[in-house]
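Here are some short exercises to work through with the model open beside you. Try each task before you read its solution.

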Amino acid sequence: SLHRLGKSVRLAGADPTHPGSSWVSRMQADLASRIPGATLTTFPGTGHLLPIQAPDTCAAWAARGMLEPR
């Protein structure tokens, strides 16, 4: 059903090669490819605790999304 979202979606994900990543990190690229117009930003060097491991980077990424036109 992901292809029916009909909205622009921005996904953030941990580094799937990081020792602390989970199965979710490994499936994110496939998930993003199933949503038309979706973008996936992967944060290198982060694992399951992405917002805690890279809080400033995550906050800047989220803030940019709030400022982009819809």
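Two residues are in contact when heavy atoms lie within 4.5 Å. With that cut-off, residues 24 or more positions apart account for 70% of the contacts in the chain with a separation of 6 or more. Please keep in mind that this is a predicted model.

**Exercise 1. Confidence**

Task: Find where in the chain confidence is highest and where it is lowest.

Solution: Begin with the whole chain, whose mean pLDDT is 85, with 93% of the residues reaching 70 or more. Then go to the elements: strand β2 (residues 39–43) has the highest confidence, at 91. Helix α3 (residues 55–67) has the lowest, at a mean of 86. A general caution goes with this step: where pLDDT is low, the predicted coordinates should not be read in detail.

**Exercise 2. The chain as a whole**

Task: Work out which pattern the secondary structure follows along the sequence, and describe the extent and surface of the chain.

Solution: First count the elements, which come to 3 helices and 2 strands. Next, read them in sequence order to get β-α-β-α-α. The C-alpha trace spans about 35 × 25 × 15 Å along its principal axes. For the surface, the chain exposes about 5,000 Å², and carbon and sulfur atoms supply 62% of that area. Finally, 27% of the 70 residues count as buried.

**Exercise 3. Charges and a salt bridge**

Task: Determine how many salt bridges there are and which residues form one with aspartate 30.

Solution: Start with the charged side chains: 7 are positive and 4 are negative, and the centres of the two sets lie 11 Å apart. In general, side chains of opposite charge can pair when their charged atoms come close. The cut-off for a salt bridge is a side-chain nitrogen of Lys or Arg within 4 Å of a carboxyl oxygen of Asp or Glu. By this rule the count is 1. Aspartate 30 pairs with arginine 34, and their closest N and O atoms are 3.0 Å apart. Now check the exposure of both partners: aspartate 30 is partly exposed, at 41% relative accessible area, and arginine 34 is also partly exposed, at 49%.

**Exercise 4. Neighbours in helix α1**

Task: Decide whether serine 25 is buried or exposed, and do the same for arginine 26.

Solution: Place both residues first: serine 25 is in helix α1, and arginine 26 is found in that helix too, which covers residues 23–33. Serine 25 has a relative accessible area of 8%, so it is buried. Arginine 26 reaches 54%, so it counts as exposed. Then list the contacts, leaving out residues up to four places away in sequence: serine 25 touches Ala14 and Pro16, while arginine 26 touches Pro16 and Ser21. As a last step, take the C-alpha distances: serine 25 and threonine 39 are separated by 14 Å, and arginine 26 and glycine 13 by 9.3 Å.

**Exercise 5. Two residues outside the helices and strands**

Task: Find where threonine 46 and lysine 7 are placed, and how accessible each one is.

Solution: Threonine 46 is in the loop between β2 and α2 (50–53). Its relative accessible area is 3%, so threonine 46 is buried. Beyond four places in sequence, threonine 46 touches Gly13, Ala14, Asp15, His18, Gln53 and Ala54. Lysine 7 sits in the segment before β1 (10–14). At 60% relative accessible area, lysine 7 is exposed. To finish, compare sequence with space: lysine 7 and glycine 37 are 30 residues apart in sequence, and their C-alpha atoms are 7.8 Å apart.

Key
Residues numbered from 1 in each chain as written. Predicted model: local features only at pLDDT ≥ 70, side-chain atom pairs only at ≥ 80, totals over all residues. Heavy atoms only, no water. Helix = DSSP H or I, 4+ residues; strand = E, 2+ residues; numbered from the N terminus. Buried < 20%, exposed > 50% of the residue type's maximum accessible area, 1.4 Å probe, protein only. Areas by Shrake-Rupley, 256 points an atom, 1.4 Å probe, with all protein chains shown as cover. Lys, Arg positive; Asp, Glu negative; His and termini not counted. Charge placed at Lys NZ, Arg CZ, Asp CG, Glu CD. pLDDT = per-residue confidence, 0-100.
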